[in-house]
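Here's a short walk through a two-chain model. Have the viewer open and follow along.

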Amino acid sequence: MGFRNMLRKIVDIFTSLKLTIVCLAAGMALIFAGTLAQVHLGIHEAQQRYFQSMFVWWPPEGRGFQFPIFPGGHLIGAVLLVNLIAAHLKRFRWNWRKLGIHLTHAGLIIMLAGGLFTDLFAVESHMQLANGDARNYSEDMRQTELAVIDTSGDDLDQVTAIPDTVLRPNRVIDHWSLPFRIAVRNFYQNSRLKMLSQAAEGAQPIANQGPGAMIAVEPVTRATASDERDVPSAAIEILPKDGGSLGTWLVSDALGAPQTFSCGGRTWRILLRPARYYKPYSVTLQKFTHDKYVGTEIPKDFSSKVTLIDPERSVNRDVLIYMNHPLRYRGETFYQAGFQKDDSATILQVVHNPSFIAPYVACVIVAAGLLVQFGFHLVGFSRQRRKAIA
Amino acid sequence: MRISKHFIVYLVLSCALLVSCEKNSEIKVYRVSKAPLEQSTPQQEDAMPTNSAAPRMPGVLAPTAETAVTTPPNWEAQPLSQMRQASFLAKGDNGAVADISFVSLGSAAGNVLENVNRWLGQLNQPPITEQKLGEMAQRLHTSLGDVTIVDLAGLPDNADPARDGRIIAAMVTTANATLFFKMRGNADLTEAQKGDFIKWVAAVCDSQGQTAPSQMAAALPPQTTSAPPIKWTTPEDWTEVPPTSMRYASFSAPADEGGKIDISIVTFPGDGGSDADNINRWRGQMGLPPADANAVTSQVAPLKTGDTTFSTTDIAGNKTRTIAAWTRRDGRVWFFKATGPTAAIEKEKPNFVKFIESVRF
């Protein structure tokens, strides 16, 4: 009986229209706070803390205890979605006269679910290409990965890509693909590297192997401007699984060349780099065009002529990518996103969003629902009016 | 109503599970090709990806173009990419060049008109119709079938007329593959090479037509098969290992620490870049910062062997060391390189020097 009561209470809460009002009000407050926070945090960080989270935490940074002070976007969205579906199911009574209401609700459910799925499963990355460059991977400038590459194969390198979310101080990474453990000694989300000779007096290296032994790392505050990005750095110690230590290496996005070491009879290359998404096809930039209005520096048009080559599907074709004319291929969309300041390279935004169709479908269904609903009312009203006149 | 109650509870739990998954926290393991992606310069627009996670070539025929078919003497073999079964550079007067390639794709690689219009687009020319194609295309009878040959002219904006201005291309589709032959470069040079190009296309198609299906899956040959043969004496404790596509020859020597020393011979047409560029590339491979030109010069020592003078260098990293010798002769550069644990290289250095001294061109 107790369980049944509890179940009934849960159902009552989640089917309550009061909950809808609370969620909508909380959503409005969250959007207001998140928008203000962008001033100091930048758009990406604010999105992550306020909208792509279950809770907004306080204090926002630091290793100490954190309190959830407000529901985050994921929680509000999920509760609203459950509330909408549950309330609709509880009150659902099939009636042609309510077709419009049903359609409108179905559209809203698809829109909310689509938003949640986009947030959870969409991947945005960039592909930067100079004229003549060919790439078969895109990079996520907001995510970093530690690439540990086994170079002992004759034709293929085996890459173990460890995301930065795993690289936390004092964490030891033990993975089946590696004959050693990786102990993270330091991790800086944003840092500045200086040669020891140029660093402040008393500065010490955080590594004892490779060029890192001659470099001092200074932590700096996170980049917030849209045209800036963090320079993550880490000190990692390589611990062979059969015991001992090979030393500590500094890995950083600011170090150009990868570093190598030997372990388990194989040569390994390590580097910290923007997260990569490899593709079974390549894109080659044939020509980037940047037209300006005559006599001004005001951009008129950007376009990238690329060759898409996919050996698996025997595709070899030229494509022109420009504003509102993206390339859609194998579930990914390539948009013309930007260019280097001297026009030396084009920047294509690569979006993989399995639920990109959801907002379009939702809008059509909501519009159809509203039309049907108002149509019924209009027909009813005009009939009553006709009767009254008669 | 009871079903609705349970459904609502499941809905709540599913949503909670969904939104609580942490994004981007998974360690991924994948393999990528070592071969560099071919740069699609105007001379190499048949570029194919070679770094794909699982490279596959549907319906690829045996790469006999370079090995079994005689090519004109003024065609220089170029490094192969994974999709180019043959690649040559023809040189003319006043810096004129033409890039010649043979690529094999699957049978669904587009029809002739689509490909011709793609090539016309590369020359900044408008597309043509099927009728126009019928008027301009030539037919070449081979044992693989009829090959369609087109001769297209046009100079893209900002293109160098010494390197671009004309494409002569040939295409044939068989049951399981489409073969593309293409010569693109300076208009006059391309015209002068047209006869040789068509003979080469015919010879390759005839040789492919005679290749048994079981032989068609043959591996790609090393890129240097067209390099002139050289001789050397292999030191006793070295083991010859199969060369990769980038290497002329490979050896392995044991190291005391349980590792091994990797010894390679690599050759390229041309001068292979400056000494500073090469030494800094090797330094980069060892995790060392680049050195300036003066420092690099001071690290290069000559080594005279018979009629050849090699340049040599010795780069010590933290745990690894590389010793290398190189020489340029007859329009090619030859690199001999040994990399391994520092102590092992120190021990093996006399053998490496003897090996270099034994090399005969």
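## A helix with one buried face

Which residues in α3(B) are buried? They are B:Asn115, B:Val116, B:Trp119 and B:Gln122. Look down the axis of α3(B) and these buried residues fall within an arc of 115°, so they line one face of the helix.

What covers that face? The cover over the buried residues of α3(B) includes α4 (130-136), β6 and β7 of chain B. Just past the helix, α3(B) is followed by B:Asn124, which has a positive phi, near 65°.

## How far to trust it

Keep in mind that this is a predicted model. Its scores are ipTM 0.78 and pTM 0.53. Chain B has a mean pLDDT of 74, with 73% of its residues at 70 or more.

Two stretches of chain B call for a second look. Residues 38-67 have pLDDT below 50, and in the model this stretch makes 114 contacts beyond near neighbours in sequence. Residues 211-225 of chain B also sit below 50, with 25 contacts counted the same way.

## The nonpolar cores

The largest nonpolar core has 32 residues. Those with the most contacts inside it are B:Ile100, B:Val147, B:Ala169, B:Ala170, B:Met171, B:Phe181 and B:Val201. As for where the core comes from, the elements of chain B that give it two or more residues are β3 (84-91), β4 (97-105), α3 (112-122), β6 (145-153), β7 (165-173), β8 (178-186) and α5 (187-210).

Take B:Ile100 and skip its neighbours within four places in sequence: what is B:Ile100 in contact with? The list is B:Trp75, B:Phe88, B:Ala90, B:Met183 and B:Phe197. Apart from the largest core lies another one of 31 residues, which includes A:Leu167, A:Leu178, A:Trp249 and A:Ile270.

## Strand pairing in chain A

Over in chain A, how many bridges join β3 (residues 123-130) to β18 (residues 345-352)? There are 8, and the two strands run antiparallel. If you want a register check, A:Met127 stands opposite A:Leu348 in β18(A).

β18(A) also pairs with β17 (residues 332-339) of chain A, again in the antiparallel sense, over 7 bridges. Here A:Glu332 has A:His352 of β18(A) as its bridge partner. One thing to remember when you colour side chains: in a regular strand they alternate between the two faces of the sheet.

How values were computed: Residues numbered from 1 in each chain as written. Chains lettered and ligands numbered in written order. Predicted model: local features only at pLDDT ≥ 70, side-chain atom pairs only at ≥ 80, totals over all residues. Core = buried A, V, L, I, M, F, W, Y, C linked by C-beta atoms within 7 Å. Buried ≥ 20, exposed ≤ 12 C-beta atoms within 10 Å, placed from the backbone. Helix = DSSP H or I, 4+ residues; strand = E, 2+ residues; numbered from the N terminus. Contact = placed C-beta atoms within 7 Å. Pairing = 2+ DSSP bridges. pLDDT = per-residue confidence, 0-100. Arc of directions from axis to C-beta.
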